[in-house]
Amino acid sequence: MATYTKKRILVIFTGGTVAGNVAESKVSQNTKSDPNSFVTILENSVDIVKKNWHIEINHSISELLNVDSSNMQPKNWTMIVEEIQRTYDDYDAFIILHGTNTMGYTAAALTFALENINKPVILTGAQVPLGYLGTDAVTNLVNSLRMAVWGYHEIKGIMAVFGSKIITGARVKKGTDFDYDPFKAFQTGDLGNIGRFMRIDEVAMKKHISYLSKYKALAIQSRVLSVKKEFDTESIASLTEFPGMSVDIFQSLVENNKIKAFIFRAFGAGDPSSHLFPAFEYLKKKKIPIVVTTQAPSGVSNFQVNETGQYLREHDLAIPAYDMSIESMTVKLGWLLAQKTKYEDIKQKMVEDMHGEITLGNELI
């Protein structure tokens, strides 16, 4: 008689494309899916996993939200965190069905909010909704289920499983609206690939897991789960530089809109025009942090390459983003603001590699 390992999986439903939250077109109907639409998919997959892997899966679905991911707000990130915290002791893994547009932001938010989580939390979704011709919803949900109960490697922490990619939560970046593989690991490698077979990058996965116990011991139970679930992104202004940009816009946003922090996409390797230096000096005087990244898709902002970036470094006027994605730096900054982190501490924390979101080894010698 076969002996089965038992696994309990909670699927958290938040809506998005996978649920049919897309505009009706000339070639397809606007087909909506509720959580029950995914029950049959899960049940068929559970039977296959039980037969082939000797794992008996008990699954439940939580209808937490049903929104287009473009409408996902920080309060929704908090709701997801609270649902995981509330049910933490009842399940061995969590799968989050999410829209693609803001999946990178949600993945980063969960990464910072659940810093010592000891279970897999997997985000997935679809490019083509369930019920449409060519849907990838079934494949992505089934692959996430496979990842959630995978027994050949240690699997835990926040990650996305989408198309053929397995990506750490702090590096999820959407690159296209068309392909079945829309996501990539921003500036780093994947944790693995999934298709007919699963291939885990053991070095990358061990590094991913190592961050989970960096600040506190891994949470065996909910009572020791470290949860910091608030985000103040409404106090952030995110600006892109262009030639001739007004130097006065920074002060105006601070004084008229109560902005408490900035993200600035400068030229080159984090090299703003020198005519903006008075704005940087004003922000330093007001103790308002400004994180400077680059407009180059694969660039690194390190204040090491050109004179204007070097000027920022020498006069301590800004925080270099290095190779952080816009999703991670925005969420991280909002997360620090929500904790009432002081100006000097924000400067230090933003360049600290807390969860694999930043690589400091890109400095020039």
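**Sheet, flanking helices and nonpolar cores**

In this predicted model, strand S6 (residues 165–168) and strand S9 (residues 192–194) run antiparallel and are joined by 2 bridges. Within this pair, Lys165 of S6 stands opposite Asn193 in S9.

Both strands belong to an open sheet of 8 strands. The strand order is S2-S1-S3-S4-S5-S6-S9-S10, and the pairing is mixed. Strand S2 (55–67) forms one edge and strand S10 (198–200) the other. Each of these edge strands pairs on one side only. From one strand to the next, the twist averages 20 degrees.

Helices lie across the sheet. Helix H2 (residues 74–87) lies across strand S1 (5–15), S2, strand S3 (93–97) and strand S4 (120–124). The angle between H2 and S2 is about 150 degrees. Helix H5 (residues 202–210) lies across strand S5 (157–162), S6 and S10. H5 runs at about 140 degrees to S5. S6 is thus paired with S9 and crossed by H5. The edge strand S2 is crossed by H2.

Buried nonpolar residues were also grouped into cores. The largest nonpolar core contains 85 residues. Ile9, Ile84, Ile117, Met147 and Met350 have the most contacts inside it. Of these, Met350 touches Val291, Ile319, Met324, Met329, Lys332, Leu333, Leu336 and Ile358, with residues up to four places away in sequence not counted. Another core, of 23 residues, lies apart from the largest one. Its members include Ala237, Met245, Phe280 and Leu283.

Key
Residues are numbered from 1 along each chain as its sequence is written. This is a predicted model: local features need pLDDT of at least 70, side-chain atom pairs count only at pLDDT 80 or more; totals for chains, interfaces and linings use all residues. Side-chain values use heavy atoms; hydrogens and water are left out. A nonpolar core is a set of buried Ala, Val, Leu, Ile, Met, Phe, Trp, Tyr and Cys residues joined through side-chain atoms within 4.5 Å. Buried means under 20% relative accessible area, exposed over 50%, partly exposed in between (1.4 Å probe, protein chains only). Contact means heavy atoms within 4.5 Å. Two strands pair if DSSP finds at least two bridges between them. Helices (H or I, at least four residues) and strands (E, at least two) are DSSP runs, numbered from the N terminus. Axes are lines fitted to C-alpha atoms, for helices over the stretch in contact, and angles run from 0 to 180 degrees between N-to-C directions.
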